[in-house]
Amino acid sequence: MGEKLTPFNPVELLQGEDEIAEFLSEAYLDEDPNVFIIALGHVAKYKGISNLAKETGLNRESLYKTFSGTVQPKWDTIHRLLRALKVRLAVAS
């Protein structure tokens, strides 16, 4: 009989908030904006979608759709998630 595979979340390998912030920063710098959304989804799932739904006032099902890759998330959704995750974005030149 075959092995049972479970979904892999790379955030589980990171140690601490600093490494999570670095993970998101690297994803943000990627040329493809979907890489950041995917990374944010991994962090959100690691932290708990239900908890984030409560903190952000967003619907849990909507959050799952946001990270499914089938919809383009609104900035308001991303902004609320970043605030709930206590992630700060900085602009530099």
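Student: In what order do the elements of the chain run from the N terminus on?
Tutor: Keep in mind that we're looking at a predicted model. The chain has five helices and zero strands. So, by the way helices and strands are assigned here, reading from the N terminus on gives α-α-α-α-α.

Student: Okay, and what box do the C-alpha atoms of the chain fill?
Tutor: Picture the 93 residues of the chain laid out along the principal axes. Their C-alpha atoms then fill a box of roughly 55 × 30 × 25 Å.

Student: What share of the residues counts as buried?
Tutor: Buried means under 20% relative accessible area. Gly-41 in helix H2 (residues 33-47) is one that passes, because its relative accessibility is 3%. Over the 93 residues of the chain, the buried share is 30%.

Student: How far is the C-alpha atom of Gly-41 from that of Val-11?
Tutor: Along the chain, Gly-41 and Val-11 are 30 residues apart. In space, their C-alpha atoms are separated by 10.0 Å.

Student: Is Thr-77 buried or exposed?
Tutor: Thr-77 is found in helix H5, which covers residues 75-84. Its relative accessibility is 13%, and the cut-off for buried is under 20%. So Thr-77 counts as buried.

Student: Which residues does Thr-77 touch, not counting those up to four places away in sequence?
Tutor: Leave out the residues up to four places away in sequence, and you still find some partners for Thr-77. They are Leu-58, Leu-63 and Thr-66.

Student: How much of the contacts with a separation of 6 or more comes from residues 24 or more positions apart?
Tutor: Here we look at the whole chain, and we take just the contacts with a separation of 6 or more. Residues 24 or more positions apart account for a share of 45%.

Student: Now charges! How many salt bridges does the structure hold?
Tutor: Side chains of opposite charge can pair when their charged atoms come close. The chain has 11 positive and 13 negative side chains, with the centres of the two sets 13 Å apart. The number of salt bridges in the structure is three.

Student: Why does the pair of Glu-17 and Lys-47 tie together parts that are 30 residues apart in sequence?
Tutor: The side chains of Glu-17 and Lys-47 meet in a salt bridge, at 2.7 Å from N to O. The two ends sit in separate places in the sequence, so the pair ties together parts 30 residues apart: Glu-17 in helix H1 and Lys-47 in helix H2.

Student: Are Glu-17 and Lys-47 buried, or what do they count as?
Tutor: Glu-17 has a relative accessible area of 47%, and Lys-47 has 30%. Buried is under 20% and exposed is over 50%. Both values fall in between, so Glu-17 and Lys-47 are partly exposed.

Student: Which helix holds both Asp-76 and Arg-80?
Tutor: Their side chains meet in a salt bridge, at 3.2 Å from N to O. Asp-76 is partly exposed at 41%, and Arg-80 is partly exposed at 31%. The two are four residues apart, about one turn of the helix, and that helix is H5.

Student: What residue forms a salt bridge with Glu-61?
Tutor: Glu-61 counts as partly exposed, with 43% relative accessibility. Its partner counts as partly exposed as well, at 37%. The closest N and O atoms of the pair are 3.3 Å apart, and the partner is Arg-60.

Student: Which residues form the negative surface patch?
Tutor: Start with Glu-22, which has its place in helix H1 (residues 17-29). At 44% relative accessibility, Glu-22 counts as partly exposed. The full patch is Asp-18, Glu-19, Glu-22 and Glu-26.

Student: And what accessible area does the nonpolar patch have?
Tutor: One of its members is Leu-29, found in helix H1 and exposed at 64% relative accessibility. Tyr-28, Trp-75 and Leu-89 belong to the patch too. Together, the members have about 500 Å².

Student: Last one: which residue has a positive phi although it is not a glycine?
Tutor: Look in the segment after H5. The residue there is exposed, with a relative accessible area of 70%. Its phi is about 60°, and its name is Lys-86.

How values were computed: Residues numbered from 1 in each chain as written. Predicted model: local features only at pLDDT ≥ 70, side-chain atom pairs only at ≥ 80, totals over all residues. Heavy atoms only, no water. Patch = residues over 30% accessible without salt bridge, like charges linked within 9 Å, V, L, I, M, F, W, Y side chains within 5 Å. Areas by Shrake-Rupley, 256 points an atom, 1.4 Å probe, with all protein chains shown as cover. Salt bridge = Lys/Arg side-chain N within 4 Å of Asp/Glu carboxyl O. Lys, Arg positive; Asp, Glu negative; His and termini not counted. Charge placed at Lys NZ, Arg CZ, Asp CG, Glu CD. Buried < 20%, exposed > 50% of the residue type's maximum accessible area, 1.4 Å probe, protein only. Contact = heavy atoms within 4.5 Å.
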